[in-house]
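Colleague: Could you take me slowly through this model, so that I can follow how each value is reached?

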Amino acid sequence: MDQVTPRPRRYALGFLLLAAGIALAGWFVGKGVTEIRTSDRFVTVKGVAEREVKADLALWPIQLAVSENDLALAQGRITQNVTRVTAFL
C-alpha cells in the first residue's frame, strides 16, 4: 500500500505562509489608512506669534419675506419690516 501523508501535515506550511501574508497585508493597509487620515490634521506655521484682534465688523444675514398681490404694497411692507429690524438692532 501507498503511504499517503495526511493533508493537514502536507499543506500546513503553505497555510501558515498564506495566513502570515494575509495578516501582514492587513497590517500594511491599516497603517496606510491611519497615515492618510492623520496627514491632513497638521498645519505648518512659520514663526511664533500670538495676538488678540478686536472684531469691528459683524455680518448677520437676515431674510425678510412679504407676499402681496401688488408690488408697491409689497415694497412698502418690506421697507417697514427693515425699519423695524434696524430699530430693534
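The questions below go from the whole chain to single side chains.

Colleague: How many helices and strands are there in the protein?
Modeller: Please keep in mind that this is a predicted model. One of its helices is α2, which covers residues 71-88, and the full count for the protein is 2 helices and 0 strands.

Colleague: What percentage of the residues count as buried?
Modeller: A residue is called buried if its relative accessible area is under 20%. The accessible surface of the protein comes to about 9500 Å², with 61% of that belonging to carbon and sulfur atoms. Of the 89 residues, the part that counts as buried is 1%.

Colleague: How are the rings of W27 and F28 arranged, stacked or edge-to-face?
Modeller: A pair of aromatic rings is described by the distance of the centres and the angle of the planes. For W27 and F28 the centres are 5.2 Å apart and the planes stand at 65°. Planes over 60 degrees apart fall in one class, so the pair of W27 and F28 is edge-to-face.

Colleague: Is V82, a member of the nonpolar surface patch, buried or partly exposed?
Modeller: V82 lies in helix α2 and shares the patch with residues including W60 and F88, the patch having about 770 Å² of accessible area together. Its relative accessible area is 40%, and values between 20% and 50% belong to the middle class, so V82 is partly exposed.

Colleague: Which side chain meets R77 in a salt bridge?
Modeller: The count of salt bridges comes to 1. R77 is partly exposed at 38% relative accessible area, and the N to O distance in its salt bridge is 2.7 Å. That distance is within the 4 Å cut-off, and the partner of R77 is E68.

Technical notes
Residues are numbered from 1 along each chain as its sequence is written. This is a predicted model: local features need pLDDT of at least 70, side-chain atom pairs count only at pLDDT 80 or more; totals for chains, interfaces and linings use all residues. Side-chain values use heavy atoms; hydrogens and water are left out. Rings of Phe, Tyr and Trp (its six-membered ring) pair if their centres lie within 6.5 Å; planes under 30 degrees apart count as stacked, over 60 as edge-to-face and the rest as tilted. Patches are made of residues with over 30% relative accessible area and no salt bridge: like charges are joined within 9 Å, nonpolar side chains (Val, Leu, Ile, Met, Phe, Trp, Tyr) within 5 Å. Accessible areas come from the Shrake-Rupley method with a 1.4 Å probe; for residues, only the protein chains shown count as cover. Helices (H or I, at least four residues) and strands (E, at least two) are DSSP runs, numbered from the N terminus. Buried means under 20% relative accessible area, exposed over 50%, partly exposed in between (1.4 Å probe, protein chains only).
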